[in-house]
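Biologist: Please put the model on the screen, and then we can go through it by question and answer.

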Amino acid sequence: MEEAKLIEIIKINPASIKTISHPTDAMKLLAIERDGLVLEYIDNPTREMEELAIDNNTRAIKFINNPTEEMMIKAVSGGWSSLQYIKNPTDKVMKLAINQAGWAIRHIKNPSEELQLLAVRKNYDAIKYIKEPYESVSEEAIKISYEALRYLSSPSLHVEMMAVKNNEGAIKFITHLDKHKMLEFLKANILVIKYIIREVSKEEVEKALKEVLSKEDVEEKYIRDFLNCSTIDRQSKTMPIDKIMFIDKYGSKKAKKIAVDEKLKMI
C-alpha cells in the first residue's frame, strides 16, 4: 500500500500503526502525535518519539524503559498515579507525586521517613499503604485524625494512647484490649468510659480517677469532661459517683478550682 494512503489511515486511526509492517519514522511520529499511547506498538522508539508521546499523553510513560527525569516530571505532573509506571523515580519525582496526593506512597518501594511523613501530612489515610511506618509517621497521622489507627496493624501503646486522647472513639479500633489498657486509656480520656463501662468496676474507675485528678498538672479538658460525663453520675446505676464531692475529696487545687467554675455554670 502506498505510504500516502497509510498516512491517511494513521490520521484516522493512530492505533493502526500496529498493523503496518515496517512503518517509517514519519508514520510513527504521526501516530504518536495523534495518540501518545500507541508508543506501546512501536519497537525501539527514538527519544524524540518518547518525548512526543509524553507530551500527548502522560500515561505513555508506562511504555518508556528508561525515561529521563524531565519525562518523569511531565508524567507525574499530569497525574500522580503515573508514578506506578516509573521503575526508578528520582526523589524529586516521588515528592512531586506525593505533594499531589499522599496515596502516591503506595507506588514507592521502601519509602524513607521523609516521604512517609510527607504522604500522611497530605492525606492521613495514606498510612494504610505503608507496610511498616516509622513511629514518627504513625504519630503524625494520629495527630491529624484518630481514625488513622484503623490502618495500623501493630501500633505502639504510645500511638494508641495518642489516638484515644484525641478521640475516645479510637478505642473501637484497638485490638487486644485488656483491663490494663482500658484503665490506661481511661486515665488519658475519661470519656472512653462509655465504651468500657461493662468491663471495669467502680473501684477500678475511682482508683484511676484519683491518680489523674490528684495531679497539679491534670489537664483542664480532662476535668471538664469528667464533670460533664453523663455515664458517670451519682444517680447512675452502673457508675454512681458524686463527681463534685469526688474532686473535693481527692482532687488537686487545680482540679477543685475548675470544678467550682463548672458548678457555677450550672447555677
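The exchange below covers aromatic pairs, helix packing, the core and some loop residues.

Modeller: This is a predicted model, in which local features need pLDDT of at least 70, side-chain atom pairs count only at pLDDT 80 or more, and totals for chains, interfaces and linings use all residues. Residues are numbered from 1 along each chain as its sequence is written, and side-chain values use heavy atoms, with hydrogens and water left out.

Biologist: How many aromatic pairs does a search of the whole structure find?

Modeller: Rings of Phe, Tyr and Trp (its six-membered ring) pair if their centres lie within 6.5 Å; planes under 30 degrees apart count as stacked, over 60 as edge-to-face and the rest as tilted. With that criterion, the search of the whole structure gives 4 aromatic pairs.

Biologist: Are the rings of Tyr 146 and Phe 173 stacked or tilted?

Modeller: The ring centres of Tyr 146 and Phe 173 are 6.3 Å apart. Their planes stand at 25°, so the pair is stacked.

Biologist: How many residues apart in sequence are the parts that Tyr 146 and Phe 173 tie together?

Modeller: Helices (H or I, at least four residues) and strands (E, at least two) are DSSP runs, numbered from the N terminus. Tyr 146 is in the loop between helix 7 (135-144) and helix 8 (157-166), and Phe 173 is in the loop between helix 8 and helix 9 (179-188). The pair therefore ties together parts that are 27 residues apart in sequence.

Biologist: Which is buried and which is partly exposed, Tyr 146 or Phe 173?

Modeller: Buried means under 20% relative accessible area, exposed over 50%, partly exposed in between (1.4 Å probe, protein chains only). With a relative accessible area of 18%, Tyr 146 is buried. At 23%, Phe 173 is partly exposed.

Biologist: Is the pair of Phe 246 and Tyr 250 stacked or tilted?

Modeller: Phe 246 and Tyr 250 are 4 residues apart in helix 13 (residues 243-250), about one helical turn. Phe 246 is buried at 6% relative accessibility, whereas Tyr 250 is partly exposed at 28%. The ring centres are 4.8 Å apart and the planes are at 50°, so the pair is tilted.

Biologist: Which residue forms one aromatic cluster with Phe 246 and Tyr 250?

Modeller: Contact means heavy atoms within 4.5 Å. Not counting residues up to four places away in sequence, this third residue touches Ile 190, Leu 209, Leu 213, Ile 232, Lys 243, Phe 246 and Ile 247. The residue that completes the cluster is Phe 226.

Biologist: At what angle do helix 11 and helix 12 pack?

Modeller: Axes are lines fitted to C-alpha atoms, for helices over the stretch in contact, and angles run from 0 to 180 degrees between N-to-C directions. The axes of helix 11 (residues 202-213) and helix 12 (residues 220-228) are 11 Å apart. The packing angle is about 145°.

Biologist: How many nonpolar residues are in the contact of helix 11 with helix 12?

Modeller: Helix 11 contributes Leu 209, Val 212 and Leu 213, and helix 12 contributes Tyr 222, Ile 223 and Phe 226. Ala, Val, Leu, Ile, Met, Phe, Trp, Tyr, Cys and Pro count as nonpolar, Asp, Glu, Lys and Arg as charged, and the others, Gly among them, as polar. The contact has no polar and no charged residues, and its nonpolar residues number 6.

Biologist: Which helix gives the largest share of the largest nonpolar core?

Modeller: A nonpolar core is a set of buried Ala, Val, Leu, Ile, Met, Phe, Trp, Tyr and Cys residues joined through side-chain atoms within 4.5 Å. The largest one has 80 residues, of which Leu 186, Ile 193, Leu 209 and Phe 226 touch the most other members. The largest share, 5 residues, comes from helix 11.

Biologist: Is Met 94 buried or exposed?

Modeller: Met 94 is in helix 5 (residues 91-100). Beyond four places in sequence, Met 94 touches Pro 89, Ile 108 and Leu 115. Its relative accessible area is 13%, so Met 94 is buried.

Biologist: What is the phi of His 22?

Modeller: Most residues other than glycine have a negative phi. His 22 is in the loop between helix 1 (3-12) and helix 2 (25-34) and is exposed at 77% relative accessibility. Its phi is positive, near 50°.
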